[in-house]
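Student: Please take me closely through the packing of the helices in this model. I should like to see how they meet one another, what lies against them, and how the surrounding elements are arranged.

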Amino acid sequence: MTEGVTKAVAAGGVTLRQARPDDVTACAAIWRISINDYTSRLGQPEIPMELGPITRLYTHLQASDGERFIVAERSGDDPEIVAFTAATVRDHLWYLSMLFVLPEFQGSGLGRDLLERILPADAAMIRGVATDSAQPISNALYARYGMVPRMPLLSLTGLPQRPEAFGDLPSGVIPLSFEEIAGGSPDGQGHRLLTEAVDELDMELAGASHPVDHRFLRTESRRGWLYRGPDGAPVGYGYAGEAGRIGPVAVRDAALLGPVLGHLTSAVQPRGAFAMWVPGFAGEAVVTALAAGFRLDPFPVLLCWDRPFADFSRYLPISPGLV
């Protein structure tokens, strides 16, 4: 929205520019340092040095939405990235994926400068973001631009010690792996039909189609299943991977969330525990997951928006950074 910067930022010799592919490693380090800075004061364990997953996410964001991935760089003989932000645009949804500032640069107005640099000028564009409930300053900043906290996004982790709590898929609902569907016809017809089915579910439930993000998930070794009803029509889809990540999950009937989670957690053997992000509006999924043996992690994330865009009673997002 604006090319200007605050006086404090200008005095510090900081400039804003688009991120380059080789900047993502520095951005991942800023993400870790910034989060550990405030979570340590809350008595929470530090994020470990393993930054592979977040670095791959940033690589995806820089490739898919490079004009909305901006870094703040301190000039000098040895230039240093001190803050960054990244947003995605999927159809009519603008979503702020990340905004992090090194602790010593916080309070200078740099975060606001970065945000204003990438906010959409189109008033018809819906704005959304996920933010930590333990960060009131960030929450207030986003609310000033209409992205008001509306719903908790709960982190649930564990293993299904009591899988029967999820319930069984209803009679006639059949899970088909994405690989099975895409490979079912040599002329590519299966892949086209799968893409159309997933896009249609996303438009109905997630508020926007995002095929570029589905392609990223497959590079992350998450396996997908399409669920068909008795008449053969798609009724939902879901992902799970050996790294333990579950999601996104989209279902046309909220009553399917539990059984779909049950199927996903039985179809994949994780290397450790499963982890998923469950919206507060999907209360039944939270109840069944807890009953199955999952635990609720502290400090939920807050999903914020200026206008509703998704049906979070029937949709579990990929993560707070990629809805």
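Tutor: In this predicted model, helix H4 (residues 110-118) passes helix H5 (residues 136-144) in a right-handed crossing. The two helices pack at an angle of about 35°, and their axes are 11 Å apart. On the H4 side the contact is made by Gly-111, Arg-112 and Leu-115, which meet Leu-141, Tyr-142 and Arg-144 of H5.

A second helix pair is formed by H7 (189-205) and H8 (residues 211-219). The crossing of H7 past H8 is likewise described as right-handed. Here the axes come within 10 Å and cross at roughly 115°. From H7, the residues His-191, Leu-194, Val-198, Asp-199 and Asp-202 meet Pro-211, His-214 and Arg-218 of H8.

H8 deserves a closer look. Its residues Asp-213, His-214, Phe-216 and Leu-217 are buried. Viewed down the axis of H8, the buried residues fall within an arc of 155°, so they line one face of the helix. The general geometry is helpful at this point: an α-helix has 3.6 residues a turn, so residues three or four places apart point the same way. His-214 belongs both to the buried set of H8 and to the residues through which H8 meets H7. The cover over the buried residues of H8 includes the helices H3 and H7, together with strands S3 (80-90), S8 (222-228), S9 and S10 (246-251). Just after H8, Ser-221 adopts a positive phi of about 65°.

The strands in that cover lead to the sheet. S8, S9 and S10 belong to an open sheet of five strands, ordered S7-S8-S9-S10-S14 with antiparallel pairing. Strand S7 (174-177) and strand S14 (315-316) are the edge strands, each pairing on one side only. Within the sheet, S9 and S10 run antiparallel and are joined by four bridges. Tyr-237 has Ala-250 of S10 as its bridge partner. H7 lies across S8, S9, S10 and S14, and runs at about 100° to S9. H8 also packs on the sheet, where it touches S8, S9 and S10, and its direction makes about 40° with that of S9.

Aromatic residues give a further view of H3 and S9. The structure holds eleven aromatic pairs. One of them, Tyr-58 with Phe-69, is edge-to-face, with 6.1 Å centre to centre and 90° between the planes. This pair links distant parts of the chain, since Tyr-58 is in helix H3 (residues 52-64) and Phe-69 is in strand S2 (residues 69-74), eleven residues apart. Tyr-58 has a relative accessible area of 0% and is therefore buried; Phe-69, also at 0%, is buried as well. The rings of Phe-178 and Tyr-239 have centres 5.3 Å apart and planes at 85°, so this pair is edge-to-face too. Phe-178 in helix H6 (residues 178-182) and Tyr-239 in strand S9 (residues 234-241) are 61 residues apart, and their pair again links distant parts of the chain. Phe-178 is buried at a relative accessible area of 5%, and Tyr-239 counts as buried at 0%. Tyr-58 and Phe-69 also belong, with Phe-84 and Phe-100, to one aromatic cluster.

The remaining helix to consider is H9 (residues 257-267). H9 is mostly covered, with nine of its eleven residues buried. Its buried residues are Leu-257, Gly-258, Pro-259, Val-260, Leu-261, Gly-262, His-263, Leu-264 and Thr-265. Among them, His-263 has a relative accessible area of 15%; the cut-off for a buried residue is under 20%, so His-263 counts as buried. Apart from neighbours within four places in sequence, His-263 is in contact with Leu-169, Pro-175, Trp-225 and Tyr-227. Gln-269, by contrast, is found in the loop between H9 and strand S11 (274-279). At 64% relative accessibility, Gln-269 counts as exposed. Its C-alpha atom is 5.9 Å from that of Glu-242, although Gln-269 and Glu-242 are 27 residues apart in sequence.

Methods
Residues numbered from 1 in each chain as written. Predicted model: local features only at pLDDT ≥ 70, side-chain atom pairs only at ≥ 80, totals over all residues. Heavy atoms only, no water. Phe/Tyr/Trp six-rings, centres within 6.5 Å; stacked < 30°, edge-to-face > 60°. Buried < 20%, exposed > 50% of the residue type's maximum accessible area, 1.4 Å probe, protein only. Arc of directions from axis to C-beta. Contact = heavy atoms within 4.5 Å. Pairing = 2+ DSSP bridges. Axes fitted to C-alpha atoms, helices over the stretch in contact; angles between N-to-C directions. Left-handed = near helix turned anticlockwise from the far one by under 90°.
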